[in-house]
Amino acid sequence: MATGTLTTTTTGAARDSARTTPPAADAGFVTRNLTRSFGPRQVLRGIDLEAAPGEFVALLGRSGSGKSTLLRALAGLDAEAGGEILVPERRAVVFQDPRLLPWKSVLDNVTLGQHGAAAAERGRAALAEVGLTGHERDWPKTLSGGEAQRAALARALVREPALLLLDEPFGALDALTRIRMHALVQELCSRHRPAVLLVTHDVDEAVLLADRVLVLTDGHISLDVPVELPSPRLRGDGAFTALRSRLLRELGIDESAAGAHAPSGQPPPAR
Ligand SMILES: Nc1ncnc2c1ncn2[C@@H]1O[C@H](COP(=O)(O)OP(=O)(O)OP(=O)(O)O)[C@@H](O)[C@H]1O
């Protein structure tokens, strides 16, 4: 998947401030001095980030640290964020709940906003990619939680995003479905190569899926580490465990309280 042209959004408080030089045009996304406050509380305190096209970045942080706030700013859903955001025009978001329109068929949800035979064909192809062939004419309420989330992924894919924003997309799924979704997202991302920002509270998930893991603490990126593990990545493998321990420490989570690595696929949350 090609990276789209980056669009610059200078938002919020920084709207009138001096503009900085645009980044290299091949960046996946860029933020400069990204800030966001809610009343007196400054949640994002000037975040500078840059991700390469096709890079899979996971964002960890304790509950309320501002992960979703950062993702919403990148999605263009927050007009009040301050600083500079450079993102491709073609971007898509998948949230924890699938947000399918109940009065539209699964296929019509996937192709929402797109019309004609070519759009329907792309929608059917995206549904096939997520294993939902045969469900095109179904109503969303007849899908299981995992199927609905796969439909939401298809809706994102059909837009051929250069940037895919995932906000705890597996959070509401049972352990087995979550493992299957991990495999599906890995496969789809290796095929389409969007830049990805995955917001999660799940340390194991971040280490399993990402090329790079960030930890958000007190409004700053307190840790930014590449995930350099042999493939396939195995929970319980020495390097996996070492990185997991480092991330848990950064999150201030007692490893014994977090438990051993979780073969059940239900890793400890960073809460
Ligand atoms: N619209 C809003 N109005 C007021 N406060 C908000 C708003 N959105 C977020 N916040 C506050 O900003 C902080 C960060 O919220 P955010 O949802 O980004 O955290 P998070 O790291 O994604 O948390 P979690 O892991 O629990 O989902 C929280 O204290 C939250 O209450």
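**Domains, ligand shell and unusual backbone angles**

Modeller: In this predicted model, the centres of domain 1 and domain 2, taken over C-alpha atoms, are separated by 25 Å. Domain 1 comprises 51-90 + 166-252, and domain 2 comprises 102-160.

Biologist: How do you know that residues of domain 1 are in contact with residues of domain 2?

Modeller: Two residues are in contact if their C-beta atoms, placed from the backbone, lie within 7 Å, and by this criterion ten residues of domain 1 are in contact with ten residues of domain 2. By class, the side of domain 1 that touches domain 2 has six nonpolar, two polar and two charged residues.

Biologist: What makes glutamate 168 partly exposed?

Modeller: Glutamate 168 has 19 other C-beta atoms within 10 Å; a residue is buried at 20 or more and exposed at 12 or fewer, with partly exposed in between, and therefore glutamate 168 is classed as partly exposed. Glutamate 168 is found in the loop between strand E7 (163-167) and helix H5 (175-192), and its phi is near 45°, a positive value in a residue other than glycine.

Biologist: Why is arginine 193 called partly exposed?

Modeller: The count for arginine 193 is 18 other C-beta atoms within 10 Å, and because partly exposed covers what lies between 12 or fewer and 20 or more, arginine 193 is given that class. Arginine 193 lies in the loop between H5 and strand E8 (195-199), and its phi, near 55°, is a positive value in a residue other than glycine. Most residues other than glycine have a negative phi.

Biologist: Which peptide bond is cis, and where does its proline lie?

Modeller: The bond from serine 231 to proline 232 is cis, with omega near -5°, and proline 232 lies in the loop between strand E10 (220-226) and helix H7 (238-250). Most peptide bonds, by contrast, are trans.

Biologist: Which residues are around the ligand, and how do they divide by class?

Modeller: Among those around the ligand are Phe38, Val43, Gly61, Lys67 and His201, and the shell divides into two nonpolar, eight polar and one charged. Gly counts as polar, so Gly61 of the shell falls in the polar class. Helix H1 (residues 67-75) gives the most to this shell, with three residues.

Biologist: What does the UniProt record say about residues 29-243?

Modeller: An unreviewed UniProt entry annotates residues 29-243 as "domain: ABC transporter"; in the model, the end C-alpha atoms of that span lie 25 Å apart, and the span is 33% helix and 28% strand.

Technical notes. Residues are numbered from 1 along each chain as its sequence is written. This is a predicted model: local features need pLDDT of at least 70, side-chain atom pairs count only at pLDDT 80 or more; totals for chains, interfaces and linings use all residues. A residue is near a molecule or strand if its C-beta atom, placed from the backbone, lies within 6 Å of it. Helices (H or I, at least four residues) and strands (E, at least two) are DSSP runs, numbered from the N terminus. UniProt positions are given in the numbering used here, feature names are shortened, and annotations may be inferred rather than shown by experiment. Domain bounds come from an automatic or database domain assignment.
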